[in-house]
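Biologist: Please take a close look at one part of the structure shown below and describe it in connected prose.

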Amino acid sequence: MFNVAIVGATGAVGEELLRVIEEYEIPVKKLVPLASKRSVGVEVEFKGEKLKVKELTCEVFEEEEIDIAFFSAGGSVSAKFAPCAAEAGAVVIDNTSYFRMNPDVPLVVPEVNPEDIALWKKTGIIANPNCSTIQMVISLAPLHKEFGIKRVEVATYQAVSGAGKKGMEELFEQMRAIFNFKLDKKVEEREVFPWQIALNVIPHIDKFQDNGFTREEMKMVNETNKIMHTNFEIAPTCVRVPVLRSHSEAITIYCEKDVDVEKAKEVLENFEDIKVIDNPENNEYPMPIIATDTDYVYVGRIRKDLFNSKVLHFFNVADQLRVGAATNAVRIAKKWIEMEGK
Ligand code: A2P
């Protein structure tokens, strides 16, 4: 049995972690919800019990004898407090981008590179990848094995949950304002997105880099190759859309071998945690309303390029708060428990 801490327990991913830890039957002796000073005493629910949030400090991990610490409170919080948790003997499963590209920290999607978890001993930290990257590598892994991927082009359609509770609230507030004919005021008050998100799409997530790509796009490039131990050429365009909590991706892969649609469907269907929905004759394909609140990556619209026999196109969708964050983190914990023989 484990003492488990959730750093950021009042946030969108933190709340989802509370549910997924229970659903995945992680053997919890004690659960300690942590957040900032302003949330001290706020109650969260775990296994039907109300638990009071405590303040995150460097000492709390030792005081509470924490074995597993999930961090989901932003990069600067992880930078400061994850080393305290590791120092106190906990394994840290960090949902932020802070440690992801550190060569001493494993970056893990359990369906794709579970063996990398073994590297955790070096720093005590395991990094949880970016949400768009997680759902993409789960669908790339079986296709790479079959056809040998060389290049990936991807356009994302990312839900507002990727910007946390505040992002979800901003979309809600703007939608409410639209129905009250008061949108202008709400748009002036916006805090999270650079433009109005209701009834709009914004081709800009995270900061622009000197190379013209955004940080979110560079996460997809660098993290994909780290997780898959590959050297793919990757060209992402990350776009925020007014969807609540599932990301979609239109993906094109350029392969070494000729691609085959039936074979692609077969290897995707046989891969862990993927469901293929691809019956265009019945208007059946993956969509956010299907993926939300589930733990699967849905793949469909699988088709061969019209001009190049080595190119395959498809669409994938997954719940950002679960597959893209909480569920991946809990699957890492489950594998870690198995591997450490605890
Ligand atoms: P709090 O509610 O006390 O601010 P989201 O991603 O949905 O925005 O949630 C962010 C989570 O991270 C919240 O639980 C938030 O707690 C927590 N958090 C943010 N800043 C800090 C901080 N400096 N110390 C501890 N927790 C923090």
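Modeller: The structure contains one disulfide, the term denoting a pair of cysteine sulfur atoms within 2.5 Å. This is a predicted model in which local features need pLDDT of at least 70 and side-chain atom pairs count only at pLDDT 80 or more, whereas totals for chains, interfaces and linings use all residues. Residues are numbered from 1 along each chain as its sequence is written, and side-chain values use heavy atoms, with hydrogens and water left out. The partners are cysteine 58 and cysteine 84, whose sulfur atoms lie 2.0 Å apart. The link between cysteine 58 and cysteine 84 is left-handed, with -105 degrees about the S-S bond. It joins distant parts of the chain, 26 residues apart: cysteine 58 lies in the loop between strand 5 (54-55) and helix 2 (60-63), and cysteine 84 belongs to helix 3 (residues 75-87). Helices (H or I, at least four residues) and strands (E, at least two) are DSSP runs, numbered from the N terminus.

Turning to the ligand, 15 residues surround it (a heavy atom within 4 Å). The closest are Thr10, Ala12, Ser36, Arg38 and Ser39. By class, this shell comprises six nonpolar, seven polar and two charged residues, with Gly counted as polar. Polar backbone atoms also approach oxygen atoms of the ligand (N or O pairs within 3.5 Å): that of alanine 12 at 2.8 Å, that of lysine 165 at 2.9 Å, and a backbone N or O atom of glycine 8 at 3.2 Å. Taken alone, the ligand exposes 570 Å², of which the protein buries 70% (Shrake-Rupley method, 1.4 Å probe).

Note on methods: Polar contact = N/O pair within 3.5 Å; in protein donor to acceptor, adjacent residues only side chain to side chain.
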